[in-house]
Structures are given as C-alpha cells and as structure tokens.
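Biologist: Please walk me through this model at an easy pace. I would like to see how each conclusion is reached.

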Amino acid sequence: MARSGMKIRGLDKFLRDLGDMADEAKNDFELFLETEGFQLLDVVQDKIIQMQVVDTRRLLNSFDKGGNGNVWKVSNGGLTLEIGTNVEYAAAVNDGHKQKRRFVPGYWQGNKFKYDPNANTGMMLTEKFVPGKPYWDNALVIFERVFQQDANKWLNKWVEKQRRRRF
C-alpha cells in the first residue's frame with residue numbers, strides 16, 4: 001500500500017510566525033528583565049538600610065546591574081540577570097563570617113578605641129563568628145513575589161498585543 005502525504009495549508013507559515021514570535025518574546029522579555037533588575041537593586045538597598053547592615057555607604061552604593069566582579073547572578077531559560085557588588089565583603093556581611101584573631105593598632109581614649117595605624121599600642125581582637133545580616137536573602141524573597149506578579153502581567157499584556165497585531 002502506498003503512503004500518501006497530507007499537506008496542511010498554511011502550516012509552514014504558522015510555524016515560521018511562531019518562531020518569529022518566540023524570538024520577539026525573548027527580546028521583549030530581556031528588556032522587561034532589565035527593568036526588573038533595577039527594581040531588585042532598590043529592594044536590596046532598602047533591606048540594607050532597614051536591617052542597619054553597615055554604618056558607611058560603601059556597600060549600599062556599590063550595588064549595580066551587570067558590573068564587574070558582581071557577587072550574584074540569576075539565570076533561567078537562557079536569560080541572565082547579574083546584580084551585585086564588587087565590594088569584597090558583601091557576601092560575608094549577608095552570610096556571616098569568622099573574624100580571625102588580629103591586632104589593631106591604636107589607643108583608648110576614655111571608653112572609645114581610636115584606630116591609629118602608626119601607634120605602638122593597640123588591642124587584640126579575639127576570634128569569633130559574626131552572624132550575618134541576610135539583606136540579600138530577604139530582598140530576594142520579596143523580589144521573587146513581586147517578580148512573579150510583574151512577569152504574569154507582562155506576559156498577559158504581551159500575548160494580548162500579539163493577538164491584536166497578528167489575528
């Protein structure tokens with residue numbers, strides 16, 4: 001018995017259009033993801049302030065998107081978002097760290113220790129574990145909730161736009 005092929009009219013065009021839509025969706029979603037990255041930066045900085053992580057602004061002001069030496073990277077489905085800091089102690093502040101025994105030069109003035117790198121006197125810090133202040137972890141929990149809602153809204157709008165445009 002001979003096989004007969006069946007041709008579905010318009011299937012090739014439909015599949016090409018589907019591929020074009022997938023490429024367009026990925027490009028549009030990359031822009032959306034970039035915008036969300038800036039929102040994540042805001043949440044991280046809010047958590048640093050809220051948790052009183054540091055008394056200087058170095059860590060707070062160091063967070064950016066896609067910078068050199070970033071600490072954190074999120075990847076999914078071929079899309080990558082790099083958010084972080086090049087401040088070397090950022091992860092240790094978040095996770096906690098072991099503070100080694102070390103000598104700090106300086107002197108005591110009343111109840112306060114004054115750091116002086118040229119002093120012959122000083123104090124010896126004992127080894128201990130410094131608990132972390134999980135500003136990053138807390139920010140991610142908040143961001144994941146917000147991101148899921150934003151992504152659903154974006155996807156619904158994108159599909160509706162495609163429906164109006166193509167059908």
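Modeller: Buried means under 20% relative accessible area, exposed over 50%, and partly exposed in between (1.4 Å probe, protein chains only). The model is predicted: local features need pLDDT of at least 70 and side-chain atom pairs 80 or more, while totals for chains, interfaces and linings use all residues. Residues are numbered from 1 along each chain as its sequence is written, and side-chain values use heavy atoms, without hydrogens or water.

Biologist: What percentage of the residues of the protein count as buried?

Modeller: The protein has 167 residues. The share of them that counts as buried is 29%.

Biologist: Which pattern does the protein follow along the sequence?

Modeller: Helices (H or I, at least four residues) and strands (E, at least two) are DSSP runs, numbered from the N terminus. The protein has four helices and eight strands. Read along the sequence, they give the pattern α-α-β-β-β-α-β-β-β-β-β-α.

Biologist: Which helix gives the most residues to the largest nonpolar core?

Modeller: Such a core is a set of buried Ala, Val, Leu, Ile, Met, Phe, Trp, Tyr and Cys residues joined through side-chain atoms within 4.5 Å. The largest has 27 residues, and those touching the most other members include Val-44, Ile-48, Tyr-135 and Trp-136. Contributors of at least two residues each include helix 2 (58-62), strand 3 (79-84), helix 3 (90-95) and helix 4 (135-166). The most, ten residues, come from helix 1.

Biologist: In what order do the three strands of the open sheet lie?

Modeller: Strands pair if DSSP finds at least two bridges between them. The pairing in this sheet is antiparallel. Strand 6 (112-115) and strand 7 (122-125) each pair on one side only, making them the edge strands. The order is therefore 6-5-7.

Biologist: Which residue takes a positive phi in the hairpin of strand 5 and strand 6?

Modeller: Strand 5 (residues 102-109) and strand 6 pair in the antiparallel sense over four bridges, and Gln-109 stands opposite Lys-112 in strand 6. The hairpin has two residues between the strands. The one with a positive phi, near 70°, is Gly-110.

Biologist: Where does Arg-58 lie in the salt bridge that links distant parts of the chain?

Modeller: A salt bridge is a side-chain nitrogen of Lys or Arg within 4 Å of a carboxyl oxygen of Asp or Glu. Arg-58 qualifies with Glu-88, because their closest N and O atoms are 3.6 Å apart. Glu-88 sits in the loop between strand 3 and helix 3, 30 residues from its partner. The place of Arg-58 is helix 2.

Biologist: Is Arg-58 exposed or partly exposed?

Modeller: Glu-88 has a relative accessible area of 61%, so Glu-88 is exposed. Arg-58 has 46% relative accessibility, so this residue counts as partly exposed.

Biologist: Which residue forms salt bridges with both Arg-163 and Arg-164?

Modeller: The three partners are linked in a network of salt bridges. The closest N and O atoms are 2.4 Å apart for Arg-163 and 3.5 Å apart for Arg-164. In helix 4, Arg-163 lies three residues from the shared partner and Arg-164 four, about one turn of the helix. That partner is Glu-160.

Biologist: How many salt bridges does the count come to?

Modeller: The pairs above, including Arg-58 with Glu-88, belong to this count. By this rule, the count comes to five.

Biologist: What distance separates the C-alpha atoms of Leu-155 and Phe-29?

Modeller: Leu-155 is found in helix 4 and counts as partly exposed because its relative accessibility is 43%. Phe-29 is 126 residues away along the chain. Their C-alpha atoms are separated by 8.7 Å.
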